Amino acid sequence: MGVYELVRSEDAAGPAVDLEAGRCRLSPPAATTASPAAAPPRQRLVSLDVFRGITVLLMIIVDDAGSFIPAMNHSPWDGVTIADFVMPFFLFIVGVALALAYKRVPDKLEATGKATLRALKLFCVGLVLQGGFFHGVRSLTFGVDVTQIRLMGILQRIAIAYLVTALCQIWLKGDDEVESGLDLIKRYRYQLLVGLLITITYMALLYGTYVPDWEYQISGPGSMEKTFSVTCGVRGDSGPGCNAVGMIDRKILGVQHLYGRPVYARSQQCSINSPQNGPLPPDAPSWCQAPFDPEGLLSSVMAIVTCLIGLQFGHIIVHFQKHKERIMRWLVPSFGMLVMAFALDLFGMRMNKPLYTVSYTLATAGVAGLLFSGIYTLVDLYGYRRPTIAMEWMGMHALMIFVLIACNVLPMFIHGFYWGDPSNNLLKFIGIKA
């Protein structure tokens, strides 16, 4: 994200600490004179990297353990599991970092161009990694039919949220002096307005869009196409088969460009082994095998809101200097969002990751705020860095780890070296069953 400007923190024990988006430095005592050449090197603000590293580790754990520990797997539909926090955590910390990366923007057009280029690169990387170009860990073939390529994915969603949030930070900032929480709201009122308009638009589309009956085809035995009809004709349905999120993706992206292994295939309606995958029950609904993208268009609209929430948390680092003041200004909205989330869930707006509902947005952002506050307190306030050094390293190399591990690039690379037969690969040589 670049080098960020320093924000002095005055109430730390010992030498005063200058904190910023990704870096901090120790300031010498006032009585000490030192030349600029003798200034100590600037270090990264550790809590950002540790938070990101914990998220990466959580992603790896749920990917590996989710197949046999239901609590580690994504919820089949309504409800939230540990795995459902990974994506919002990434989006939240992107927003925090953007507040610091674009604290001052001398040339808005240049900054806009750079942000757009970064987002485009990230989107294209996601298109290659999750669009179907690679055929699996044990397959030594690659390539994708562009008429069937999956258009959306994790990195694509992050790219969209990153771009919109970056543009808000570049263009939608006031010049008000910030001395209180109310001043902070006034300075960034247009960003908050964007988040509110996005939320209203999402709810209007989710609950007001008419979803007609629809059909889809899947390949059956002998490569024969089998057609399924789904009866809808409703508005405001939040079930797997007739929601507006899936309908918009089918209309705009095309059903052939959606994710082919929907999460609701593990629901009780679609699997006799629920919450794990299993054979279809005799009375399974017709939509059980229909493609559905968990990173679709309308759900990605609410992902932008998560990133904007993180952006506001980053503003607190920029404008408030004391540790305790920052932490309190993080804790209050975090608990507030959790209360609102559970209230909405109680009154029928269920927490749902595939739809990225408002209650889900608030709940995951609230937990992200609490976790970030805790990490900041332990690492940047009290200096407990040694226990988190591994997380810090993972956070500094989050994209590389995601590409190599989560997208199976490293396992596929290892499988690509073998003796005579593909089953005689490096994993077998070191005693790991491939």
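# Exercises on aromatic pairs, the core and helix H9

Phe51, Phe85, Phe89, Phe92, Phe313, Trp330, Phe372 and Tyr376 form one aromatic cluster, in which rings of Phe, Tyr and Trp (its six-membered ring) pair if their centres lie within 6.5 Å. The model is predicted, so local features need pLDDT (the predictor's confidence in each residue, from 0 to 100) of at least 70 and side-chain atom pairs count only at pLDDT 80 or more, while totals for chains, interfaces and linings use all residues. Residues are numbered from 1 along each chain as its sequence is written, and side-chain values use heavy atoms, without hydrogens and water.

**Exercise 1. State how confident the prediction is, and locate the residues 1-42 on that scale.**

Solution. The average pLDDT of the protein is 85, and 86% of the residues score at least 70. Over residues 1-42 the pLDDT stays under 50.

**Exercise 2. Classify the ring pair Tyr264 and Trp287.**

Solution. The count of aromatic pairs comes to 15. Planes under 30 degrees apart count as stacked, over 60 as edge-to-face and the rest as tilted. For Tyr264 and Trp287 the centres are 5.3 Å apart and the planes stand at 90°, so the pair is edge-to-face. Both residues lie in the loop between helix H7 (244-252) and helix H8 (297-319), so the pair ties together parts 23 residues apart in sequence. Buried means under 20% relative accessible area (1.4 Å probe, protein chains only); Tyr264, at 1%, therefore counts as buried, and so does Trp287, at 10%.

**Exercise 3. Classify the pair Trp330 and Tyr376, and place both residues in the fold.**

Solution. With 4.9 Å centre to centre and 85° between the planes, this pair is edge-to-face. Trp330 belongs to helix H9 and Tyr376 to helix H10 (residues 358-381), 46 residues apart; helices are DSSP runs of H or I with at least four residues. Both Trp330 and Tyr376 are buried.

**Exercise 4. Compare the expected span of helix H9 with its end-to-end distance.**

Solution. The expected span is 1.5 Å times one less than the number of residues. For the 24 residues of H9 (residues 323-346) this should give 34 Å, and the end C-alpha atoms are 35 Å apart, which agrees. Among the buried residues of H9 are Ile327, Trp330, Ser334 and Leu338. An α-helix has 3.6 residues a turn, so residues three or four places apart point the same way.

**Exercise 5. Identify what Phe92 touches.**

Solution. Contact means heavy atoms within 4.5 Å. Not counting residues up to four places away in sequence, Phe92 touches residues including Phe51, Phe313 and Phe372.

Conventions. Helices (H or I, at least four residues) and strands (E, at least two) are DSSP runs, numbered from the N terminus. Buried means under 20% relative accessible area, exposed over 50%, partly exposed in between (1.4 Å probe, protein chains only).
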